[in-house]
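Hi,

Here is the structure I promised to pass on. Have a look at it first, and my notes follow underneath.

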Amino acid sequence: MSQIRKIQVTTGVYWIEIPEVKVYILCGCPADAVKHLMKRGLIVTTEKDGVSFETGPNIILLSDVLVQNGSFSNLSEFPVLQMLYRQGMILPGHPNNTGEKPMIIGSEAQVKSQMEYIYRGNYGLTSAEEMIEAGASPEAAHDMMRLKLKFAFGTIRPTEELLASKIVGNEPTEIKNNVFIKRIRVNVFEIEYNDEHVTIDLNISAHATYESAYPLGYYNIKREYFGIIHSGEGDGWDINRPTMSSILMFQGRVYLIDAGPNMLFILNTLGIGVNEIEGIFHTHSHDDHFCGIPTLMRTDQKIKYYATPLVRDSVIKKLTALLGIDENQFYAYFDVVDLEFDVWNNVNGLDVRPVFSPHPVETNIFTFRAMCEEGYLSYSHFADIVALDLLEGMITEDKNKIGISRDFFDNVKKEYLSTVNIKKLDVGGGMIHGKADDFKKDMSEKLILSHTAHELTNSQKAIGSGAPFGMTDILIPSNQDYSFRSAYQFLRSYFPGAPFHQIYILLNNQVLTFNPQSILIKNGVVNKELFLIISGNVEMIHADAQTMSILSAGALIGEMSGLIGAPSNETFRAASFVMALRLPSNLYLNFVKQNGLYSDIEQLQEKREFLQKTWLFGEAISYPIQNKLANEMVYQSYAAGEDIPKSKISGLSVIKSGKVQRYLEDNIFETLGEGKFFGEESILFNIPDILNSKTIEETEIYFIHADLLADLPVIRIKLTETYEKRKELILHPEYSKIPVFSWRHDYSVNVEEMDNQHKEMFNAANELYEASQGDSGKEVLLDALDFLIRYTEVHFHEEEKLMRSKNFPDLESHQKKHAYLIKQIKSFQTKYCSDEIKIGSELIDFLKDWIVNHILREDRQYGQWLTKS
């Protein structure tokens, strides 16, 4: 009988259990992994010694790759909360609190990122200094820290006090109780117990997505002047509904209020494409309001991010910890607009008033208002709030003790009970959420009770309403059709040189609504009309049916086949309710010819079709940007066996045809074919590609300049995903039987003194590695480790001195990373001295991530800057 049970829970998520030794592993933890476990019956409620609690995992295996197909693969905040509190592993006196910590396991980089991300998810900003840096006064920062510490029971604890961790390498590592794990290749693992083993592959296929835990159906929603679409009323544990959120419509434009799990699925259900999102109003950084953020990076323009500076900084620190990027990179994805507390901020004619809400992390709740004939009408979105009796229990007049003042409490109560037309409330209860009873006397016209996994009780129903998914509350109805405004804006941007009266000829056509799953244009059929998508999503299925792209608002479909009267090479199919402007082919042909556009369109069509078939450019790239890329990308051709020179100009090489091998010295890391690309490092970090490239056969390439791609969020997030996967190949060269620490000329920073020091660091690390693999005694290993630390401290000092002398702009960021790395390696040294750990795969993986990755990216950045300055 098998001792190891393996279950595929959902796409990219597996369950491993070995009951004999009490090992239960959640393998992969994208958004809502806990809900999937609940639905599969792998988390159930049980009882012991009269105490009711949930079963579940006690170990989480992380994906080697953080982002797959645009979604986070590692979001362990809620699985960790489930282990600590709902299983009771941290609760005093609980039968499940045996003193053994829950554990996360994975690569050094992902474990480190998750520890910091959980820390920021627990606490947000963790010092008065961070709050002051975000714009708070010293007095306000002092009061907020008193409140934060009250929620934290007096102490902000590092994640390491709550969780154990193990680094997974290519050699077997014992998890516990004679259960071992090793990495076979990137994101593929083998778990072994008593000579029985199973393989876990956490990679998801190119066009797969992590699945929602619940079905939602389809909704056709009219764009209103001022209205609210209710897009979620559950909480992080509700297996049947999305988490609390709303979608605000103002003057036909669409704004999100928070972005929780399954954001892309929710938007598609509501017939909203990501490119239609004008901005997001963000309340706070807990995962059930935060983890949909990557969805908003999948556009070809920066979406506006609205929050107070305190919330903004809290979110940035959590997101960048998760992604392992510098905090300033947040601004590469979002157009950040800071809002001021307690005043009406004007956002394109909509008034928005954020108010501070007591919560373990920095939180602002919002009230929105707009003017109409009767005066102002308003909507309040109160997520997350706290029960007033719990808040009142925090009052102390001693300003040196943790807690709050009476004035603070009175002000919060006043804001909570302010009168508006519609108010959506967090009534989740417990230690950090609100209670319906607090709003019994609220004089607002309509209260909506939200943020709960439970059915409303009769007493709650007597206080407020529910809001089924997709329900719309219209405060100010629209007396105009916004679809024609959108169509005009799209056409104007596509054809900026065309006279207005010519644009109006195209606009004077029907706007049609297509039902989900209906075909607009079919492969092999001559289409007599084109369609300009105004709202919703359309699947573009290529002739070979092997690839599919998603097109959203602004896409023009069926253009070339309509113009030349040829059968369509693709099938276009509605993925949601879709509104589209119908353009008769003959009318569009006349428009194109009269404005001298035919030859341009025909010339660019082949390149545009090629881009649309690629994974990188196949979604969310609008017609004007497609045309710009197609017009400016440079054709290159290479004979078989030819080396492709590294461009001195930053940019991306996309393979049109042929095959390219990627290598360092004699070691081949990957082979790329049609539609694949390389050169992402030059766009993300402004450094040359670390790998060399050589053609296997005759190859055609399109080169795209970095300036064309740098400000496209969807491209940046995909390039980052690709960079992380390729980095793993270099950080784990043992899969190719390459020496673990092997200096290569390609690692050079072009500063001879620094290169020489880097070579010495590689040699020292290699000596430590070889000593750890043999029979060397502890004294020899300590000497090798001590030499590496001392030499690295000297090197960092010299490196920072060089940067300072050349006025390197990122010196401060570099210094912080140096300090962190030294702190970590000294922690290893201390633990080894006290026999807490052995020098094994955990330390070696850290050294690889530290020495190799730091030089590959961070140091080569300053080298490139010094070369150009």
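A quick definition before the notes: helices here are DSSP runs of H or I with at least four residues, numbered from the N terminus. Also, keep in mind that this is a predicted model.

Let's start with H16, which covers residues 585–594. Its buried residues are Ser585, Tyr588, Leu589, Phe591 and Val592. These sit on the same side of H16, because the arc they cover around the axis is only 160°. As a general reminder, an α-helix has 3.6 residues a turn, so residues three or four places apart point the same way. Over on the other side of H16 you'll find Asn586, Lys593 and Gln594, which are exposed. Just past the end of H16, glycine 596 has a positive phi of about 65°.

Next up is H24, residues 811–833. With 23 residues at 1.5 Å each, H24 should span 33 Å, and its end C-alpha atoms are indeed 33 Å apart, so the two agree. The buried residues in H24 include Leu811, His814, His818, Leu821 and Ile822, as well as Ile825, Phe828, Gln829 and Tyr832. Just after H24, aspartate 835 takes a positive phi of about 65°.

Finally, the cysteines. How many disulfides does a search of the whole structure find? Zero. Cysteine 27 is in no disulfide, and the nearest cysteine sulfur, on cysteine 29, is 10 Å away, whereas a disulfide needs the two sulfur atoms within 2.5 Å. Cysteine 27 is buried, because its relative accessible area is 0% and the cut-off for buried is under 20%. Cysteine 372 has a relative accessible area of 16%, so it is buried too.

Cheers

Methods
Residues numbered from 1 in each chain as written. Predicted model: local features only at pLDDT ≥ 70, side-chain atom pairs only at ≥ 80, totals over all residues. Heavy atoms only, no water. Buried < 20%, exposed > 50% of the residue type's maximum accessible area, 1.4 Å probe, protein only. Helix = DSSP H or I, 4+ residues; strand = E, 2+ residues; numbered from the N terminus. Arc of directions from axis to C-beta. Expected span 1.5 Å × (residues − 1).
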